Structures are given as structure tokens and as C-alpha cells.
Amino acid sequence: RLECEEHAGLFLSARRSPELDALLVGLPHSLLLEGRDGALSVLLPAGAAPRPALDRAASNSKNGQAAKDIAVVAAEEAAAVGTKGFGTDMVLDRWDAEWTRNAFQGGGGHYVYPVHGGHAALSAASLPSALYLALLRFLARRYADVCKLSDLCVSDNAPTPEEQQLWLAFAGVAMDPAPDACAARLRLSVAAFGTPAESLLPWDTQEELRSYVGSWRHVSASCRLSAREEQELLDSCDPEMVRRSPLMSNRGSYLYLRANGAVAAAAGVEGAKSACPLAYPDAPKQSTYDAVEDRSALEEGITGEGPLGALGGLKHSFSQYEEKEVTGVAALKKIGEWIDGGSLALDATHGFPLLYELLNGSVPLRVLPSDDPHRWGSALMRFVPPEQSCKRGTLMSVLRILSTSATLAKNAPKVEEKTMGAKFSAMFTQDGAIGMLMRRVQPYLRDRAAQPGGIPMTLATRWARRPGYAAPDMAEVPGDGDQKAGVSSR
């Protein structure tokens, strides 16, 4: 058998089991050693620098920019391949002279890890060996193992060159987007917090904490930080950043109240708070399109400002489309042209008549064979400029009413004034095509409104009838005996 010269009593082991195979996953350059008492150890060469494998060749410098560390380049390349994710492919760089020199200066150029009796874990006897194993476990995406090893990555002494290069090598996993990876990075941040190694962390702890709080529900139980660790990291963050972020502010309030509530309960203080205040981000501005209640088309005459009502003096072109022009890929191109060109304004090239004919099915726009032109018309109405679509006026009112019912729109009067050519231009007057159409559409709508059932409700009416919603301003904080998993910040 092959005996180990550096470690007397250890020899190359031939023992194998499913537990050992699982333990050695992600350690392709390891040797399994066995002692005379049957105890197992794993030997790893310290001179092999682990890097995430690149999906394609990458240069260390681009366009004259400063050269990047190969681990950073590898991480950026891996993060750019969104469809593949990070994977577990790894390259062992044995030609990094500086890495090898530092590894041999710190020790014998290798690390030995005793195997637990149950063959389920490895023990690290020094800080460099713990950092090296944690890096390998991170690259193998065994985040729970990284979290367990983080407790060993602690030292108040200034890092040696060997330890320094190991901390910097974590740049290769700094962009791993997995929630568990974020938790593992924070565990290492907690270990380095307040030590000289804190400045070597290749990630922004504040941003990592923000990401962790946002994805807290998706972090495995074995990787989650304790409440004390979270509170410690929150206390180290910029208070202004925490105040500006409702996500961080809510989490901080929850942790603070839970910690102090437990102290108050232990001290027998009555009236202690059991709920924490909630902060919310500013509500984004929403279009008022769905809040406009416009039934002016049922009134006598033409109303509204500009193209919403007054038709005189405006020109418009009616277009006749062959079916092949408005189906399949050609339909997508047409839709893109209408939207990008801004021609869906009521007084633009493809304005009211196009939307009207889409709603009543005269323009058979279909991207898929099962598409309904009425739905396309209803969708494209939202690309009418807000200064027209969010005001009351006869033309927009007609479109809104017809969009509420495909049957109502299908039976609406069709445009009659069209030429034999592809386009027909007419003045927007009461004697023109639009005026003639409105003389028939308005009576039709008023007649339908007078029939039993009338005209369907508009979206504005439906929204108005829905019960209002008020966001809670407080969230209950469960007690220590509560089995809830905690409150997720908003």
C-alpha cells in the first residue's frame, strides 16, 4: 500500500461507500487517506487554485481596460449565461505561481481534513484549510456546508498572504444569484465582521443583506441567518440606506421588536408591543385610463376637445388591408409600426377608424389563428395618447363602449365610405366619413342602451364597485412559542 510521507500512519485508502462518494463531490483533486485505526482523512493540495469554469474563452483585459482577476472574469462569464445558471463546473489552476508560492509559505502545500465517523462531514484544523474547503463547497453549490464552515473562518490576526488570496478567491462566487448563496456570503461576512479580513470580502455586505431580506422565504432552513446575526448585520448598515428602503426598515423593526419583546416578557413588563409598524415604498404613478367613466357617446351631438369631439378641419385616411397583411408575422410588424410610429392617436394616420374597425371585426388582425380582432382593438386603445384617452369625448367614448362587448361591437354600423384604392382621405366634418359614421353609431348605441340589459358596465364602473383595499400599517410579531416562520418584509 502507498504510505503518506508527510503524515506517518496514513496510507491511501481503497474504502468506498455512498456516504463517502457524496462527501467527495466537488473535490476532484482529493485523496482519501486511512489511518491504522481505520479513521479516514481527505488530503487536498493547496497549490491548486479553484476557479469557476468559463463557458467560453475570456481575456483578462478588454478594450485596453485594466486586467481583472481571473476569478472575477470567470464569475462574470458564468453570470452572463442566464439560461444555464452557474452550474458546478470548476477549473483547478495549477499554473498560478503567486498562489502556489503563498500556499507553500503558509504550510506544507496541502490540507488534511479528518472525516467524521458517520462519513457525513469534514473537519478543518486551521483557518486556511477552512477557507479552502469553503471555497470548494461554494463552487460545488453546497451552500449548507459553506454555512457550517463559516464558523471556522474567524481570526483576529492580520491575514497571511495565503489567507488573503483565499478570501479574494471568493470573488468567483460573489455573483451567484441563488438565495442560499446570498445567505452563505452573509455567513462569511458575519465571520469576518470586525476582523482585518472584513476589508477583503469581494462583495457589498449591505447589498447582500438587502437581497437576502428580499428572498428570505426562498432560503433553506439550513442556510438562514439567526435573528442575532441579521440584527448585527443591520446595525452595521448605513442608517440612511435602511431608512430609505422599506424592505430593510420593516425587517429591522421586526427583529428589534422581537428581541426587545422577549426581554420585556422575561422582565414581566406589561403592555409590551406585539406588532411592528410597516413602511411601504411610494406608490408608482398609474394611468387613469381605467378610471374614466365616459358615456358621452349616448348624448346628443359631438362633444370633447379637439379630436375627441370636434371633427372639422382634421384629415384622416381609411386603409383597406388584405388578410395576408394583418395575419401572422405581418400582423406583428403592423402592430409594431402603429405603436412605434405613434399613429394610434385619434387624429393620426391610424387613429379612430382603425381602432373602430378592429373592434367590429372589419380589420381581421390575427397574430395567431385563434386571435380575436376585438381584443386586439381593446388592447391597442391603451396606446392612444393620455391627453386623448383620459378625457371625455365622443370618439373615445364610442371606443370605450364598444370595447366592453364583442357582440355590441360586431353589430355596430360599418364604415361605408371607402374607395377602390388602398386609402381614402376625407375631411373630419359632419359630411365626411367620420361624421356620417357617427350619425349612425350614436343612435345605435342609444337604442341598445334603452333595451333590457342595456350596455355592459365599463371598467371604471367595475373598479368603483370593488371594495377598497387599505394596506395594514402594523404586522403582528409572533412570540417565541409561535410556530410561524417570521414576518416577511414588504
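These legends walk through several close-up views of a predicted model.

**Figure 1. The whole protein chain, before we zoom in.** Let us start with the overall picture. The protein chain has 490 residues, and 44% of them count as buried. Its secondary structure comes to 19 helices and 10 strands. What share of the contacts between residues at least 6 apart in sequence joins residues at least 24 apart? The share is 71%. The structure also holds 20 salt bridges, and some of them appear in later views.

**Figure 2. Helix 4 packed with helix 6.** Find helix 4 at residues 127-139 and helix 6 at residues 161-168. Their axes come within 10 Å and cross at roughly 20°. Because angles under 35 degrees count as roughly parallel, helix 4 is described as roughly parallel to helix 6. The crossing of these two helices is left-handed. On the helix 4 side, the contact is made by Leu 127, Pro 128, Leu 131 and Tyr 132. Helix 6 brings Glu 162, Glu 163, Leu 166 and Trp 167 to the contact. By class, the residues in this contact of helix 4 with helix 6 are six nonpolar, no polar and two charged.

**Figure 3. Helix 13 packed with helix 16.** Now move along the chain to helix 13 (residues 352-359) and helix 16 (residues 394-403). Their axes lie 10 Å apart, and the packing angle is about 15°. That angle makes helix 13 roughly parallel to helix 16. Is the crossing of helix 13 and helix 16 left-handed or right-handed? The crossing of this pair is left-handed. Helix 13 contributes Phe 352, Leu 355, Tyr 356 and Leu 359, which meet Leu 395, Val 398, Leu 399, Leu 402 and Ser 403 of helix 16. Sorted by class, the contact of helix 13 with helix 16 has eight nonpolar residues, one polar residue and no charged residues.

**Figure 4. A salt bridge between Asp 294 and Arg 392.** Here is a handy idea for this view and the next ones: side chains of opposite charge can pair when their charged atoms come close. Asp 294 and Arg 392 form a salt bridge, with their closest N and O atoms 3.6 Å apart. Asp 294 sits in the loop between strand 7 (275-277) and strand 8 (315-319), while Arg 392 sits in the loop between helix 15 (386-389) and helix 16, so this pair ties together parts that are 98 residues apart in sequence. Is Asp 294 buried or exposed? Asp 294 counts as buried, because its relative accessibility is 0%. Its partner Arg 392 has a relative accessible area of 44% and is partly exposed.

**Figure 5. A salt bridge between Glu 293 and Arg 295.** In this view, the closest N and O atoms of Glu 293 and Arg 295 are 3.5 Å apart, and the two residues form a salt bridge. Glu 293 counts as partly exposed at 33% relative accessibility. Arg 295 is partly exposed too, with a relative accessible area of 23%.

**Figure 6. Glu 322 with Lys 324, and a salt-bridge network.** Which residue forms a salt bridge with Glu 322? The partner is Lys 324, and the closest N and O atoms are 3.9 Å apart. Glu 322 is partly exposed at a relative accessible area of 49%, whereas Lys 324 is exposed at 63%. Elsewhere, Arg 51, Asp 93 and Asp 96 are joined into one network by salt bridges that share partners.

Key: Residues are numbered from 1 along each chain as its sequence is written. This is a predicted model: local features need pLDDT of at least 70, side-chain atom pairs count only at pLDDT 80 or more; totals for chains, interfaces and linings use all residues. Side-chain values use heavy atoms; hydrogens and water are left out. Axes are lines fitted to C-alpha atoms, for helices over the stretch in contact, and angles run from 0 to 180 degrees between N-to-C directions. Helices (H or I, at least four residues) and strands (E, at least two) are DSSP runs, numbered from the N terminus. Angles under 35 degrees count as roughly parallel, over 145 as roughly antiparallel, 65 to 115 as roughly perpendicular and the rest as oblique. A crossing is left-handed if the near helix is turned anticlockwise from the far one by less than a right angle, and right-handed if clockwise. Contact means heavy atoms within 4.5 Å. Ala, Val, Leu, Ile, Met, Phe, Trp, Tyr, Cys and Pro count as nonpolar, Asp, Glu, Lys and Arg as charged, and the others, Gly among them, as polar. A salt bridge is a side-chain nitrogen of Lys or Arg within 4 Å of a carboxyl oxygen of Asp or Glu. Buried means under 20% relative accessible area, exposed over 50%, partly exposed in between (1.4 Å probe, protein chains only).
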